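Morning, everyone. I have one structure to walk through today. Let's put it on the screen.

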Amino acid sequence: MPSSPSRRERIHLDGRTLEGGGQLVRIALALSTITGQPITIDHIRGNRTGKKGLKASHLAAIKYLADVSGSAVSGAEVGSSSLTYRPPPDAETRVRQNQEINLHLPTAGSISLVFQALYPYLLHTGGGLSDEEPQPVRVTITGGTNVSFSPSYDYISQVLVPNFARVGLPPLAVHLEKRGWATGPFSLGKVTFIIDPMDRKPESHGFPRVDLNKYRRGKITQVDITVLAPDTLLFRGSHADRDQENSQTANHTYQPTTVRRLIEYETIRMLRTRLRRMPSSIVDPPARPDENDELVPIKLHTSERTHHRSHIYILIVAHTSNGFKLGRDALFGGQAGKIGGRRGRPTDDTSIAMELVERCVDDFVHELYDPGRRSTSEGRPPCVDEHMRDQLVIFEALGMSKSKCEADDEGKEDRRYYSLHTQTARWVCEQMLGVEW
């Protein structure tokens, strides 16, 4: 394992590296505050289209971490393309941690991304400096719960929290106070996180060893669906209704009457069809399959009425036999661009809903099984989904022991499954901690 940089030697990071977005900033800030390593980040979010530089959500994390650790900061302004962050030499003894933390974003910026920047540090120092048993830290963040290019509250609670526990991180609870959407009418939400901090130990910064090479993904045992959508009435005789009349389902006579019911119905119907095409390595088929057999239970986890036609969100979560959760979601106005309004695309509520369902199911199925990569892979897919994988990198690095775990090629993750976010997270940890993967 190569030696890490000198504790007080300032590290320069180019914010355009790899994914070149806000994740690089968040991970670097967390590691700088934990290790006391000064950093300068230039060209912040330099690979982003549109507005570059720091956003309000970055500033909320920067200001909190700087205040609690006594760090000096320059360039902490919205739109700033360069940031220098200098923890004090005695950062470990200057912690001013509260058991109640409240952060407010002025816009519906992502609550989850602010939490991502704070969580490693709060795990590390939440217990304070006393010899008493560490007490839970309660963090309440006001902002957006369902925001493009960020984990939703639903993904955090159903996927991230149980996966963190599965790999050995301390208990984490998350509670929704109110939803906040970045589309439609201005709406700020609120989420509370209850963090059980670790004991303060010098080795590996106190973090447990997280070795994902020892976990296999397992087979799919259950699928949960979350639907957030308005109860806007559908017109009779739509093409979706005619398709439903011809579909093979357990209930031939059911006719969805609202956008929300249509999304529930079609998501379940499409999943049943697509799961039947999965190989037995992913889903075990029944001994004597029938066309109406359900290979794995598909359950409606959450169905919640919203009050604007742009407030639509779908999450599909697979439970695996090895105890992990795999999730994929779709948000109106999300990653694939705004649904509707594009040339040649209808903008009626039914078509918008159907397009979101198709995108979500397609992404979910691709997460479970990618024939192209499977056929040429020497390794294996990670035990978690693509978006969860990058969330675990910082904890792998912080808990890494000096004796590097050696696994044969068959036991290792195939890096072709790594997203640019995962690659970026690993790069930042290499620069900051000197880890060797």
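Start at Gly-434, which comes right after helix H10. Its phi is positive, near 70°. Keep in mind that this is a predicted model.

Now step back into the helix itself. H10 covers residues 420-433. How far apart should the ends of its 14 residues be? At 1.5 Å a residue, the span should be 20 Å. The end C-alpha atoms are 20 Å apart, so the model agrees with the expectation.

Which residues of H10 are buried? Thr-422, Thr-424 and Ala-425 are. Arg-426, Trp-427, Val-428 and Cys-429 are too. Met-432 and Leu-433 complete the list. What do these buried residues pack against? Two strands, S1 (11-14) and S2 (39-42), and two helices, H1 (22-35) and H9 (386-398).

One of those buried residues brings us to the cysteines. Cys-429 has a relative accessible area of 0%. That is under the 20% cut-off, so Cys-429 counts as buried. Cys-360 comes out at 1%, so Cys-360 is buried by that cut-off as well. How many disulfides does the structure hold? Zero.

Next, a sheet. Four strands form it, in the order S5-S6-S8-S7. The sheet is open, and the pairing is mixed. Which strands stand at the edges? S5 (100-104) and S7 (172-178) do. Each has a single partner strand, so one side of each is left without a neighbour in the sheet. From one strand to the next, the twist averages 15°.

Take the S7 edge. S7 is joined to S8, residues 189-195, by six bridges. The two strands run antiparallel. Within that pair, Leu-172 stands opposite Ile-195 in S8.

A helix lies across this sheet. Helix H3, residues 111-125, crosses S5, S6 (137-143), S7 and S8. Against S8, H3 runs at about 20°.

Last topic: confidence. The mean pLDDT of the protein is 85. Of its residues, 80% reach 70 or more. Where does the pLDDT drop below 50? Residues 237-250 are one such stretch. Beyond near neighbours in sequence, that stretch has 26 contacts in the model. Residues 336-344 also stay under 50. For residues 336-344, the model has 14 contacts beyond four places in sequence.

That's the tour. Over to you.

Terms used:
Residues are numbered from 1 along each chain as its sequence is written. This is a predicted model: local features need pLDDT of at least 70, side-chain atom pairs count only at pLDDT 80 or more; totals for chains, interfaces and linings use all residues. Side-chain values use heavy atoms; hydrogens and water are left out. Two strands pair if DSSP finds at least two bridges between them. Axes are lines fitted to C-alpha atoms, for helices over the stretch in contact, and angles run from 0 to 180 degrees between N-to-C directions. Contact means heavy atoms within 4.5 Å. The expected span of a helix is 1.5 Å times one less than its number of residues. Buried means under 20% relative accessible area, exposed over 50%, partly exposed in between (1.4 Å probe, protein chains only). pLDDT is the predictor's confidence in each residue, from 0 to 100. A disulfide is a pair of cysteine sulfur atoms within 2.5 Å.
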